[in-house]
Amino acid sequence: MSSFDIDNPAPPRRRPWTGIERAFAAVGLSGRALVIAAPAIWLTVFFLVPLAVVFGISLATKQFGKPPYSDLLTTEDGTVQLTLHLSNYVRLFTDSLYVAAYLNSIKIAFISTIFALLIGFPMAYFIARSSDRWRNILLMLVILPFWTSFLLRVYALTGFMRGNGVINQILGVFHIPPLVMMQTDFAVYVGIVYTYLPFMILPLFTNLVKLDGALLEASADLGGRPMRTFFSITLPLSMPGVIAGSMLVFIPAIGEFVIPSLLGGPETLMIGRVLWDEFFTNTNWPRAAAVAIAMLVVVVVPIMLLQKAQDAVQDTARAK
Amino acid sequence: MRRGWFLPTMAILGFVFLYAPIISLVVFSFNESKLVTVWSGFSTKWYGELFADPQMLGAAWLSLRIAAVSATIALVLGTLCAIALVRFRRFRGRTVLSGMVSAPLVMPDVITGLSLLLLFVGMESILGWPAGRGMLTIILAHSTFCMAYVCVVVQSRLADFDMSLEEAAMDLGATPARVFFDITLPIIAPALVSGWLLGFTLSLDDLVIASFVSGPGSSTLPMVIFSKVKLGVSPDVNALATIIIGIVALGVFAATIFQLRSRPKKARA
């Protein structure tokens, strides 16, 4: 970068921000520091500290009063005492309800992710390989549901799957007896796949659209059958998209509350629901906090996988 | 590669799966009968009922105000964060900042909601602020997760930004702030608009976090819808959904056409 010395520079137009900038400079704040500090402070207060508070309260016990948990720090005869209870965590491992809920959440999230991948991959591939004009329209059709309310889409599914719902009425036309879909695990799978499908398709599309067509042609020229080409070229090259999309479905599905409570039955145990009930029904805040910390432990590895995969998707997008 | 029948069939089935429930929801909002799934004649009475329901209207108004304020706060903070991450390549705590801003994107809602509630309760007992919970606490919570989305959108726009424009302005003697407002801001404006809209819709849509951090008397629209839907199907929710889907469809449609129109010009330049 170079700067020019012009003998008669045009007088700079005065704008309000020139004044603001001088004011900040006068108290020794550079613009750069402010740009970093504002979001950093906000996120520390409203993201990092709350997680620490959850951890702290998970070590307390329930008590009646306001707030409904015991103090960690107490002063007795002038000395500060720190009381930590591990009972909440012990309960998580010994009470079969919690263990079952965790295992069931992982199972439901995993199976839903597989189905979302099986449905989303062909869709993303089809969109990536269609002509420019169609590609934009199809992408819009994928993004559109993402902008409409999540809650209302889950509600739309209840109208579709209930006893006298659309599916059973169509089956009735063919004299097929109605299926029981609502309040089953099946409905929860459908709900998760339905609502999170755009999250699967978009990273896959970003990845697949950059796929080098010459590689596929080369494989076909060398006699590779379509299946072989797919499994030895397309799939390996789209791995970052597969992982990013899968994690974007799996991670939120683990903690899902709305879908199991609207579509699932009373026996559909999921950890998000357990946390909700601990908090709202039992008002056991420390127990709910322990459930949250344990849930965080479950999603930490998927989050790290996601971060890596997203960087890889970005890199391939930039390389082109 | 040969074009087989497999991909088109799967794609069509996929889109049917995505749209059939929404279309049936819209169709049955014009149904006469209270039985949402049995057609008994065209009627707009559920729309009338919706607009005569003070609880729904009050909740909708509260949600709209919360969404507007949250999206605006998120826009400012998310943009600053994106600038810091894209432009200031190296600074202390960059990894921490990048992690903190992207974590809310995937954090399960129940954890975000619970952690913020516990923070607010703790802050109230130590600092006396925020006093009680309601609109303010919901705005603080929504701003935090919306800024993550704004940051992602703005970051991708900044990443393919032509730096020579800014350099030219600085060479001509513009101050950094002036460069930002006169050059950078107009160029990233489309990302800012979509970031704000994304924040607005996400805030309008949130049930779980709002349920944790709201107080008595501040029920947002999703909270009212959820309690109605839990009790069973209600046709006025269909009517409300149709209105929301209509607005969103128009908006996304307009944005796509706008993008398609402006593309050839860019290619020529």
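These legends accompany views of a predicted two-chain model, chain by chain and then at two local sites in chain A.

**Figure 1. Chain B, helices throughout its list of elements.** Chain B holds eleven helices and zero strands. Read from the N terminus, its elements run α-α-α-α-α-α-α-α-α-α-α. The C-alpha trace spans about 70 × 65 × 35 Å along its principal axes.

**Figure 2. Burial, contacts and surface of chain B.** Chain B has 269 residues, and 51% of them count as buried. Take the contacts between residues at least 6 apart in sequence: 66% of these join residues at least 24 apart. The exposed area of chain B is about 12700 Å². Carbon and sulfur atoms supply 69% of that area.

**Figure 3. Charged side chains of chain B.** How many positive and negative side chains does chain B have? There are 20 positive and 14 negative ones. The centres of the two sets lie 8 Å apart.

**Figure 4. Chain A, with helices and strands.** The secondary structure of chain A comes to 14 helices and two strands. Chain A has 320 residues, of which 48% count as buried. Among its contacts between residues at least 6 apart in sequence, 71% join residues at least 24 apart. The accessible surface is about 16400 Å². Carbon and sulfur atoms account for 67% of this surface.

**Figure 5. Crossing of helices α3 and α4 in chain A.** Helix α3 of chain A covers residues 87-94, and helix α4 of chain A covers residues 96-129. Their axes come within 5 Å and cross at roughly 70 degrees. Angles from 65 to 115 degrees count as roughly perpendicular, so α3(A) is roughly perpendicular to α4(A). Which residues make the contact? On the α3(A) side they are A:R91, A:L92, A:F93 and A:T94. On the α4(A) side they are A:S96, A:Y98, A:V99 and A:Y102.

**Figure 6. The surroundings of A:G56 in helix α2 of chain A.** Helix α2 of chain A runs over residues 31-57 and includes A:G56. Is A:G56 buried or exposed? The relative accessibility of A:G56 is 16%. Buried means under 20%, so A:G56 counts as buried. A second residue completes the view: A:H85 stands 29 residues from A:G56 along the chain. The C-alpha atoms of A:G56 and A:H85 are separated by 10.0 Å.

Methods:
Residues numbered from 1 in each chain as written. Chains lettered and ligands numbered in written order. Predicted model: local features only at pLDDT ≥ 70, side-chain atom pairs only at ≥ 80, totals over all residues. Heavy atoms only, no water. Helix = DSSP H or I, 4+ residues; strand = E, 2+ residues; numbered from the N terminus. Buried < 20%, exposed > 50% of the residue type's maximum accessible area, 1.4 Å probe, protein only. Contact = heavy atoms within 4.5 Å. Areas by Shrake-Rupley, 256 points an atom, 1.4 Å probe, with all protein chains shown as cover. Lys, Arg positive; Asp, Glu negative; His and termini not counted. Charge placed at Lys NZ, Arg CZ, Asp CG, Glu CD. Axes fitted to C-alpha atoms, helices over the stretch in contact; angles between N-to-C directions. Parallel < 35°, antiparallel > 145°, perpendicular 65-115°, else oblique.
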